[in-house]
Amino acid sequence: MNLLKYLLVGFVFGIVLTKSEAVSWYRIYEMFQFQSFHMFGIIMTAIITGVIGLQIIKRKKIKDIAGNPIYIQDKEDGNVRLFAGGLFFGLGWALVGACPGPIFILLGSGFMSAALILFGALFGTFLYGVLKDKLPH
């Protein structure tokens, strides 16, 4: 039954991203060319929603689905590694026109070329796992 809830949320999320055109390669291209506010508006709405949601969780001490308290760890100083990670993420996003969530939405929509993007994302994750002890953290 829990799996069904997660699948339902995933389907709704996929529909919302598709209808808002957040999975459109053209919209992503426009964003990286600074030609349209569309994607920036979606991203800013997500940030504002997340900030409000986190404040509600913190102030009302809301518990997770299992009844455990939600603990939000403080961020440590790591601006260089966050910048480097953001740079790689943004470059990948700009090159393929999809971030991790929309890859699955594109596959579900029948864009089989997104399988190459998924393979690249999985390979990159695997490569990070192999090299993480040698990378600065």
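**Helix packing and the nonpolar core in a predicted model**

Phe89 lies in helix α4, which spans residues 79-96. The structure described here is a predicted model, and the mean pLDDT of the chain is 87, with 98% of its residues reaching 70 or more. Among the elements of the chain, helix α3 (residues 38-60) has the highest mean pLDDT, at 93, whereas α4, the helix that holds Phe89, has the lowest, at 84.

With a relative accessible area of 42%, Phe89 is partly exposed, because this value falls between the 20% under which a residue counts as buried and the 50% over which a residue counts as exposed. When neighbours within four places in sequence are left aside, Phe89 is in contact with Cys99 and Pro100. Gly53, by contrast, is separated from Phe89 by 36 residues in sequence and by 24 Å in space, taken from C-alpha to C-alpha.

The interior of the model was examined next. The largest nonpolar core has 15 residues, and those with the most contacts inside this core are Leu17, Val23, Ile28, Met31, Met39, Trp93 and Leu106. At least two residues of the core are supplied by each of α2 (25-32), α5 (100-108) and α6 (114-131), and the largest share, four residues, comes from α5. In soluble globular proteins, nonpolar side chains tend to be buried together.

Helix α2 was then considered in more detail. Its buried residues are Arg27, Ile28, Glu30 and Met31. These residues lie on the same side of α2, because they cover an arc of only 155° around the axis. An α-helix has 3.6 residues a turn, so residues three or four places apart point the same way. Both α3 and α4 are included in what covers the buried residues of α2. For Ile28 in particular, the residues touched, not counting those up to four places away in sequence, are Ala22, Met39, Trp93, Gly97 and Ala98. After α2 comes Phe34, which has a positive phi, near 55°.

The pairing of α2 with α3 can be described both by geometry and by contacts. The axes of these two helices come within 7 Å and cross at roughly 90°; α2 and α3 are therefore roughly perpendicular to each other, as angles of 65 to 115 degrees are counted in this way. Where the two helices meet, Arg27, Ile28 and Met31 are the residues on the α2 side, and His38, Met39, Phe40 and Ile43 are those on the α3 side. Ile28, Met31 and Met39, which take part in this meeting of helices, are also among the residues with the most contacts inside the largest nonpolar core.

Technical notes:
Residues numbered from 1 in each chain as written. Predicted model: local features only at pLDDT ≥ 70, side-chain atom pairs only at ≥ 80, totals over all residues. Heavy atoms only, no water. Core = buried A, V, L, I, M, F, W, Y, C linked by side-chain atoms within 4.5 Å. Buried < 20%, exposed > 50% of the residue type's maximum accessible area, 1.4 Å probe, protein only. Contact = heavy atoms within 4.5 Å. pLDDT = per-residue confidence, 0-100. Arc of directions from axis to C-beta. Axes fitted to C-alpha atoms, helices over the stretch in contact; angles between N-to-C directions. Parallel < 35°, antiparallel > 145°, perpendicular 65-115°, else oblique.
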